[in-house]
Amino acid sequence: RRVLGRRAIPAWTPLVELMVRTFLYDDLQTERSLKAVAPLLRVTRYEDDDRPVKMVTSILDPKAIRYAGKDAWATFRCVELADGYCHERFSKHPLARMKLAERTYTWFSDQVWTATLMEEAGVAFDLGRLEVLHTSLQADLDRLCAQAAREYTVSVVKSKTRSVNKQKVKDVWTEEVPLVLAGEGAATCKESLVAAARDTAFSRTISLHGKGSPQYALVESTLKHLEQTDARELSAGRNNRNLLLGVLSRDDPESAALADALALVNEASGVQKVLTAYTGSLLHGKPVTTEHDWNIVPTKSKNAKNPTRRVKIPGTARTLYDKSSTLIRAGEIGMAYPTWYIVPKSADEAGKGGGVRQFRWSAKGPALQTLPPVMKATLTSAHDPGVLFSLDLAQIEWRTAMYLADDPRGLQEIADLVDIHSRSASYLLDWNILDDAALHRWIKSPNG
């Protein structure tokens, strides 16, 4: 009766705490999984023979039906028990009247069922517009890659191991290569470019102003925030590129050339992200690995343990795609069915977290809450005729905090229609941006 719809659920059975859902939802963290909670509450036990059911290819497979039924029953039973424990433990607490009120139960219940209904409803994209956008972005990326290879070079470190008197010797040298923005070699080129920009920013500042100058102190204090990778190497990410763009001098030809190259990398990275994370993923799937055909040839060495070895056949490389987020086509529209996360740190099937700390909802497959403007233009209604509309609640997190805290100054600023983001920007820039409409739009555009 509970799984038929929200109206069939009594008011006393929904979730009491969002954290209870976190426990029951997060299957990939052992200490928070249903597999751990169900035996703890003496509801059921998951045996090893339940695992192969995840490999079935049809929803009509008896193992799949049994597993899904067991999961559904165990989830609702665990929620019911957790609800009872909350009543038993916290009913006498001073805040229990608010926490255990029927309207609180209803609110949490609405959260869960709204997310479920949104996942089932899906989101419609106009296939024609999406394919045109994908083709246009691919052309832009090809143009940027050609420009980078034609106009810029970077110094990359290369190495080769050879045998000398039965000992391995590693030769290392530096080579000038064209700047590659996408595909094989792109990561190495970007790392070399960022390292060269960092070194140039320091060296040119010293040569022009001296090491004890205010200009050098500014460059040093800025670049100390450069990020590193997990391997303690200088990161080639956007944050580092933007920091370097802020300190490279346009008056110096060498620094200006590096700044132009970094700006080109930024532009190409933005295009590539939309291609891989949105248009390409929705139309064709996410590339996950490359597969080759192989030839079996004799081993060259006489002392080798295996008489044969595998050799890739040139020209047989094939990209394999993860189709889980690909649109389901229905005429001129394609339907996406994202997963909605209503609590922080929920794990998806790949083990990555979803949700945000402010308890706003977020989606994956695709990430609807961060759709770029060019992608929003491809959204359409799943109904014919249909209409799309959007609402943007201004400064909602700050306003909610002011109401919950009953802060008199904050509430007065809300009543006075104060734009806190514009005010912060004015303080930082020492410029009243509200007097400059064009500047106001430009500053607010990153948050738009």
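## Exercises on a predicted model

In this predicted model, the side chains of R329 and E131 come together in a salt bridge, with N and O 3.2 Å apart. Let's start there.

**Exercise 1.** Work out which parts of the chain the pair R329 and E131 ties together.

*Solution.*
- Step 1: Place each residue. R329 sits in strand β8, while E131 belongs to helix α6 (residues 127-151).
- Step 2: Look at the sequence. These parts are 198 residues apart, so the salt bridge ties together pieces of chain that are separated in sequence.
- Step 3: Check the surroundings. R329 has 48% relative accessibility, so it counts as partly exposed. E131, at 35%, is partly exposed as well.

**Exercise 2.** Find the salt-bridge partners of R129 and D260, and say how accessible the residues are.

*Solution.*
- Step 1: R129 pairs with D126, and their closest N and O atoms are 3.3 Å apart.
- Step 2: Read off the accessibility. R129 has a relative accessible area of 38%, which makes it partly exposed. For D126 the value is 21%, again partly exposed.
- Step 3: Now turn to D260. Its partner is R250, with 2.5 Å between the closest N and O atoms. D260 lies in helix α10 (residues 253-283) and R250 in the loop between α9 and α10, 10 residues apart.
- Step 4: D260 is partly exposed too, at 34% relative accessible area.
- Step 5: Salt bridges with shared partners also join R409, E413 and R423 into one network. Over the whole structure, you'd count 9 salt bridges.

**Exercise 3.** Is S325 buried or exposed, and what does it touch?

*Solution.*
- Step 1: Locate S325. You'll find it in the loop between β7 (318-322) and β8 (328-330).
- Step 2: Use the cut-off: buried means under 20% relative accessible area. S325 comes in at 11%, so it is buried.
- Step 3: Skip neighbours within four places in sequence, and the contacts of S325 are S281, L282, K286 and G365.
- Step 4: Zoom in on one of these. The side chains of S325 and S281 are joined by a polar contact of 2.8 Å.

**Exercise 4.** Work out why the buried residues of α8 lie on the same side of that helix.

*Solution.*
- Step 1: List them. In α8 (residues 214-223), the buried residues are Y216, V219, T222 and L223.
- Step 2: Go around the axis. They cover an arc of only 130°, and that's why they end up on the same side of α8.
- Step 3: Flip the helix over. The face turned away from the buried side carries P214 and L218, which are exposed.
- Step 4: See what the buried residues pack against: α7 (186-209) and α9 (238-247).

**Exercise 5.** Describe the largest nonpolar core: how many residues does it have, and which element gives the most to it?

*Solution.*
- Step 1: The largest nonpolar core has 52 residues. F125, L179, L181, L193 and M375 have the most contacts inside it.
- Step 2: Trace the suppliers. Elements that each give at least two residues include α5 (102-121), β1 (123-126) and β2 (153-164).
- Step 3: Pick the top contributor. That's α10, with 13 residues.
- Step 4: Follow M375. Leaving out residues up to four places away in sequence, M375 touches F125, L130, L133, V274, Y278, T279 and L282.
- Step 5: Don't miss the second, separate core. It has 9 residues, among them V37, A38, V43 and Y67.

Note on methods:
Residues numbered from 1 in each chain as written. Predicted model: local features only at pLDDT ≥ 70, side-chain atom pairs only at ≥ 80, totals over all residues. Heavy atoms only, no water. Helix = DSSP H or I, 4+ residues; strand = E, 2+ residues; numbered from the N terminus. Buried < 20%, exposed > 50% of the residue type's maximum accessible area, 1.4 Å probe, protein only. Polar contact = N/O pair within 3.5 Å; in protein donor to acceptor, adjacent residues only side chain to side chain. Contact = heavy atoms within 4.5 Å. Arc of directions from axis to C-beta. Salt bridge = Lys/Arg side-chain N within 4 Å of Asp/Glu carboxyl O. Core = buried A, V, L, I, M, F, W, Y, C linked by side-chain atoms within 4.5 Å.
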